[in-house]
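Hi everyone, thanks for making time this morning. I'd like to walk you through one model, so please have the picture in view while I talk.

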Amino acid sequence: VSAVEVATAHLDRITAVEERVHAFLHVDREGALAAAKKVDDGEITGPLAGVPIAVKDVVTTKGIPTTAASKILEGWKPPYDATIVERLKAAGMPILGKTNMDEFAMGSSTEYSAYGPTNNPWDLGRIPGGSGGGSAAALAAYEAPLAIGTDTGGSIRQPGAVTGTVGAKPTYGGTSRYGLIAFSSSLDTPGPCARTVEDTALLHAVIAGHDPRDSTSIAQPVPDVVAAARRGLQGDLTGVKLGIVKEFAGDGSEPGVVAAFKESLEALVKLGAEVVEVSCPHFQYALPAYYLIAPSECSSNLARFDGVRYGLRAGDDGQHSLEEVMSLTREAGFGPEVKRRIIIGTYALSSGYYDAYYGQAQKVRTLITRDFEAAFEKVDVLVSPTTPFVAFPFGSRTSDPYQMYLADLFTIPTNLYGGPAISVPCGLSEGLPVGFQIMAPTLADDRMYRVAGALE
Ligand code: GLN
C-alpha cells in the first residue's frame with residue numbers, strides 16, 4: 001500500500017469514530033496527505049516513513065493549532081515545531097492531528113480538557129486516562145497507529161494502562177522538551193505511545209537523542225531500544241532480576257488489577273526471570289512531594305499566559321488597566337484544576353513557606369532517588385501495576401482532587417527520579433485493561449524494553 005492510502009485509511013477511520021471517541025482536538029487532513037505523498041514520491045525513506053502519527057496538543061506544531069486543551073490558547077498557531085515534531089517530519093511520518101488531554105497536562109482522566117472529555121474506546125462511559133487520554137484513545141480506536149504523549153507524573157503510562165495500549169516515559173532528558181508547552185520542567189518528558197512494544201521502541205528511536213536547544217537534554221547516544229524490544233520478544237529472561245516494591249503492596253489496588261499483575265509476573269518467571277522484593281521506604285512520600293514540586297513549577301511556567309503574548313485576551317475594552325486585563329484573561333482562560341495548581345504552587349514558593357514546602361519536597365525527591373539507586377543495586381528493573389485501578393466512570397473522581405491524584409501513585413516515583421518506565425497491557429479486570437509497569441535505571445531505557453517485549 002502507498003503512504004497516501006495508509007494516511008487516508010486512518011483519516012477515514014477518524015471521521016467514522018470521532019463523534020463517539022473525541023480523541024482529537026484538531027485533524028490536519030491536508031497536512032497528513034501532503035506528508036504521505038512526499039514518502040510515496042521517494043523523498044523520504046526509513047523504518048517509519050509513511051506511518052501516520054497523532055500528537056498530544058501540548059506539543060507545538062508549526063501553523064497547526066496548539067492549545068494544550070486550554071481556552072487560554074484557543075486558536076493559537078505556533079510559529080515553530082517542537083524538536084520531536086521536526087524529527088517526526090524528518091522521518092516521513094504524516095501528522096494526523098492533535099490529541100485531547102487534560103488542560104496543560106494536569107489530570108488523570110482528560111475530564112479537565114476545556115474542549116470536553118475523550119471517551120475510552122473500551123467503554124464510552126469511562127475515562128481514557130490522562131492527561132494524554134486523546135493519544136491513548138486514538139490508538140485503542142485504531143485512529144492512529146502511533147502517538148506522542150508527555151509524562152510529568154504518569155500521563156503517558158496511565159492512559160496506556162487504561163486503554164490497553166503501550167506507553168513509554170523515556171529517561172528525563174532523553175527526549176527533547178524544546179517546543180513542549182511547559183508544565184513542570186524538571187519532570188516533563190515526551191515519549192512514544194503505540195499498540196505494541198516494538199512499535200513503541202521504533203518511535204522512541206525516532207524522537208530520542210540530544211538536542212542543543214534543551215539545556216537538560218542528555219548528550220549521550222540513545223540505547224538501542226529497538227534491538228532490546230526484539231530481544232525481549234524472543235521470550236528469554238534468564239538471569240533478569242525483577243524487583244517488586246514492598247511498600248506498594250498495601251496501597252489499595254483493585255483486586256482485579258493485583259491479580260492481572262501477578263499472573264503476568266508469573267509468566268515472566270516462566271521465561272527465566274527472578275523476582276526479588278525490595279524496599280523503597282520513601283516512595284510513600286512521592287505523591288505529596290510531587291504535588292508541591294509540580295504545582296510550584298507550573299505556577300512559574302504558566303505566568304507567561306498573561307493575555308498579552310498569546311491566545312485569549314479578556315477585558316481589553318479600554319475600561320481596564322493592564323493588570324486587570326491580565327487577571328481577567330487568566331480568570332476566563334484557565335480551568336479549575338489549573339487554577340488550583342497555580343494557587344498551591346504560588347503558596348509553596350512564597351517567602352516564609354518556601355523551605356517548609358518546596359525545599360522539603362526537594363529533599364524528599366533526593367531520598368526517592370536514593371531508594372531507586374539502592375534498589376537497582378539488587379535488581380535490573382522494578383515492576384508494579386501501572387495504576388491502582390482500571391478506567392473509572394466519568395465524574396467519579398472529579399469532586400475530590402486527591403482521588404484523582406491517586407491514579408499516579410505508582411508512576412510518580414519514576415518522574416521524581418528521572419528514570420525510564422513503560423506500561424504494557426497485562427490482561428483484563430472486569431473486562432477492562434490493566435497495565436504492567438517496568439521501571440529501569442536512568443539511561444537504561446533498553447532494559448525496560450527487553451522485559452516489556454518478553455511480556456507481550
Ligand atoms: N496526573 C498527574 C497530574 O495531574 C500527571 C500529569 C502528567 O503526567 N502530565 O499532574
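Before we start on the sheet, a word on pairing: two strands count as paired if DSSP finds at least two bridges between them. Please also keep in mind that this is a predicted model.

Let's begin with strand β4, which covers residues 146-151. On one side, β4 is joined to strand β2, residues 53-56, by three bridges, and these two strands run parallel. To find that pairing on your screen, look for Ile 53, which stands opposite Leu 146 in β4. Strand β4 is also joined to strand β6, residues 189-194, this time by six bridges, and here the strands run antiparallel. A handy marker for that pairing is Gly 149, whose bridge partner in β6 is Gly 191.

Now, how many of the residues of β4 are buried? Six of its six, so to speak the full run, and the strand is described as mostly covered. In a regular strand, side chains alternate between the two faces of the sheet. In β4, Leu 146, Ile 148 and Thr 150 point one way. Ala 147, Gly 149 and Asp 151 point the other way, and all of these residues are buried.

Next, the ligand. It is surrounded by 13 residues, and the closest are Ala 105, Ser 108, Thr 152, Gly 153 and Ser 155. What classes of residue make up that shell? There are four nonpolar, seven polar and two charged residues.

One of those closest residues, Ala 105, deserves a second look. Ala 105 sits in the loop between β3 and α4. Its phi is positive, about 70°, although it is not a glycine. Most residues other than glycine have a negative phi, and most peptide bonds are trans. Is Ala 105 buried or exposed? Ala 105 is buried, because 30 other C-beta atoms lie within 10 Å.

The loop between β3 (95-99) and α4 (133-140) also holds Ser 131. Gly 130 and Ser 131 are joined by a cis peptide bond, with omega at about 5°.

Last stop: His 22, in the loop between α1 (3-21) and β1 (24-27). His 22 is another non-glycine residue with a positive phi, near 55°. His 22 has 22 C-beta neighbours inside 10 Å, so it counts as buried; the cut-off for that is 20 or more.

That's my tour, and I'm happy to go back to any part of it.

Note on methods: Residues are numbered from 1 along each chain as its sequence is written. This is a predicted model: local features need pLDDT of at least 70, side-chain atom pairs count only at pLDDT 80 or more; totals for chains, interfaces and linings use all residues. A residue is near a molecule or strand if its C-beta atom, placed from the backbone, lies within 6 Å of it. Ala, Val, Leu, Ile, Met, Phe, Trp, Tyr, Cys and Pro count as nonpolar, Asp, Glu, Lys and Arg as charged, and the others, Gly among them, as polar. A residue is buried if 20 or more other C-beta atoms lie within 10 Å of its own, exposed if 12 or fewer, and partly exposed in between; C-beta atoms are placed from the backbone. Helices (H or I, at least four residues) and strands (E, at least two) are DSSP runs, numbered from the N terminus.
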